[in-house]
Amino acid sequence: MQGYVAITDFEWFEFLATRREWDEVNFWQPRPGGLLNAAPGTPFLFKLKARHGSFVAGYAFFAWRSRLPAWMAWESFGEANGAPDFATFIRVLAGLRDEVDAAGQFEIGCLLLSTPVFFARDQWIPAPADWSGSIQRGKYYDLAADEGRRMWEACLARGEYPQAAGIASGAVRHESAFARYGAARELRPRLGQGGFRIAVADVYERTCAVSTEHSLPALEAAHIVPYGEGGAHDIRNGLLLRADIHRLYDKGYVTVTPDYRFLVSPRLKHDYDNGRVYYELQERIARAGSIHLPQDVEHRPDPKLLDRHWKEKYVA
């Protein structure tokens, strides 16, 4: 099992560690190039810089990566970016880039991490003995052997990941420890609300599934089954929709069928004596055969969830 040990900014770490528990955080970099391309669920260890002792001070699980305008990173994650407000976030970025704009229109790199755990100072773990000072961002380790195993078992002994809690070096046999964690490793890391928004936008290539609108500020990640009704922050429970279509979808005036057709209820015209643009979209999509869909079949909306919206929410 591979894990990634990442050089971590102390101010980012300290801000997040002293605020509250987080379901996700944004481990950002000031420029969008060279983003880590790890498998979802990869353990991601926070190693502080040498001036702070090079300790491993926490961990999380890699969930998603994206290149985002700074404004969208802030809108999606807020304080989970490791800053108290947008102005401070931009000011930190300004100290690390050649130029920025106050509106945050420039792109940054974002690594979305799920269920982070931050250790108290007396729980920090010594850095790997073979760590090189020439490493600029991080390094992969085999978490089942040598230094990787030492760090990871120490993390699990301190952490709160439910499938791994209680696993400590010497507490259980090595095979049992990694067998237990192996089962958890196969789970998709949980996306939070911000991660859901970004992941849905990315798989739809930042294009509205219905209108094909590309203006990013106008696009929203819609839950097919609302989160408050048991729907998950999962890509297959999402549609990227223009804001007005999203509102109509939530109110049941429009739906997407299990075979990816777009339907507009006759009630829209009845209730508001309007809706021409949406009926035109329905006709256009009927000619095309389906809405705009993610290229990866695994990221397409779950037909069962679409069927639920169609039957339970849509106002026929």
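**Notes on the chain, starting from Lys47**

1. Let's begin with one lysine and its surroundings. Leaving aside residues up to four places away in sequence, Lys47 touches Val5, Ala6, Ile7, Thr8, Ser54, Phe55, Val56, Ala127, Pro128 and Trp131. You'll find Lys47 in strand β3. Keep in mind while you look that this is a predicted model.

2. What is the nearest side chain of opposite charge to Lys47? That would be Asp130, and it is 10 Å away. Lys47 is buried and has no salt bridge. A salt bridge here needs a side-chain nitrogen of Lys or Arg within 4 Å of a carboxyl oxygen of Asp or Glu, so with Asp130 at 10 Å, Lys47 goes without one.

3. Now step back to the whole chain. Its secondary structure comes to ten helices and ten strands, and the C-alpha trace spans about 70 × 50 × 30 Å along its principal axes. There are 316 residues, and 52% of them are buried. The accessible surface adds up to about 15,100 Å², with 49% of that belonging to carbon and sulfur atoms.

4. How do contacts run along the sequence? Take the contacts between residues at least 6 apart: 70% of these join residues at least 24 apart. A couple of the pairs below show what such a link looks like when you trace it from one end to the other.

5. On to charges. The chain has 38 positive and 40 negative ones, and the mean positions of the two sets are 1 Å apart. How many salt bridges does a search of the whole structure find? The search turns up 15, and three of them are worth a visit.

6. Try Arg31 and Asp98 to begin with. They form a salt bridge whose closest N and O atoms are 3.9 Å apart. Arg31 sits in the loop between β2 (24–29) and β3 (43–48), while Asp98 sits in the loop between α3 (86–94) and β5 (107–118), so this pair ties together parts that are 67 residues apart in sequence. Arg31 is partly exposed, at 38% relative accessibility, whereas Asp98 is exposed, at 76%.

7. Next, look at helix α4 (residues 146–158), which holds both Arg150 and Glu147. These two are three residues apart, about one turn of the helix, and they form a salt bridge with closest N and O atoms 3.0 Å apart. Arg150 has a relative accessible area of 30%, so it counts as partly exposed.

8. Helix α4 also holds Arg149 and Glu153, and because they are four residues apart, about one helical turn separates them. Their salt bridge has its closest N and O atoms 3.3 Å apart. Is each partner buried or partly exposed? Arg149 is partly exposed, at 28% relative accessibility, but Glu153 is buried, at 3%.

9. Time for the rings: the whole structure has 21 aromatic pairs. In one of them, the rings of Tyr4 and Tyr140 have their centres 5.1 Å apart and their planes at 70°, so the pair is edge-to-face. This pair links distant parts of the chain, with Tyr4 in strand β1 (residues 2–8) and Tyr140 in strand β6 (residues 138–142), 136 residues apart. Tyr4 is buried, with 10% relative accessible area, while Tyr140 is partly exposed, at 36%.

10. Another edge-to-face pair is Tyr59 with Phe61, at 5.9 Å centre to centre and 85° between the planes. Here Tyr59 is buried at 0% relative accessibility, and Phe61 is buried at 2%.

11. Tyr4 and Tyr140 also turn up in a bigger gathering. They form one aromatic cluster together with Phe10, Trp12, Phe13, Phe27, Phe44, Phe46, Phe55, Phe118 and Trp124. You've met Phe55 already, as one of the residues that Lys47 touches.

12. Last, two backbone spots to check. Thr115, in strand β5, has a positive phi of about 45° although it is not a glycine. Tyr260 is another non-glycine residue with a positive phi, near 70°, and its place is in the loop between β9 (254–256) and β10 (262–264). Thr115 is buried, at 15% relative accessibility, and Tyr260 is buried too, at 14%.

Methods
Residues numbered from 1 in each chain as written. Predicted model: local features only at pLDDT ≥ 70, side-chain atom pairs only at ≥ 80, totals over all residues. Heavy atoms only, no water. Buried < 20%, exposed > 50% of the residue type's maximum accessible area, 1.4 Å probe, protein only. Contact = heavy atoms within 4.5 Å. Areas by Shrake-Rupley, 256 points an atom, 1.4 Å probe, with all protein chains shown as cover. Lys, Arg positive; Asp, Glu negative; His and termini not counted. Charge placed at Lys NZ, Arg CZ, Asp CG, Glu CD. Phe/Tyr/Trp six-rings, centres within 6.5 Å; stacked < 30°, edge-to-face > 60°.
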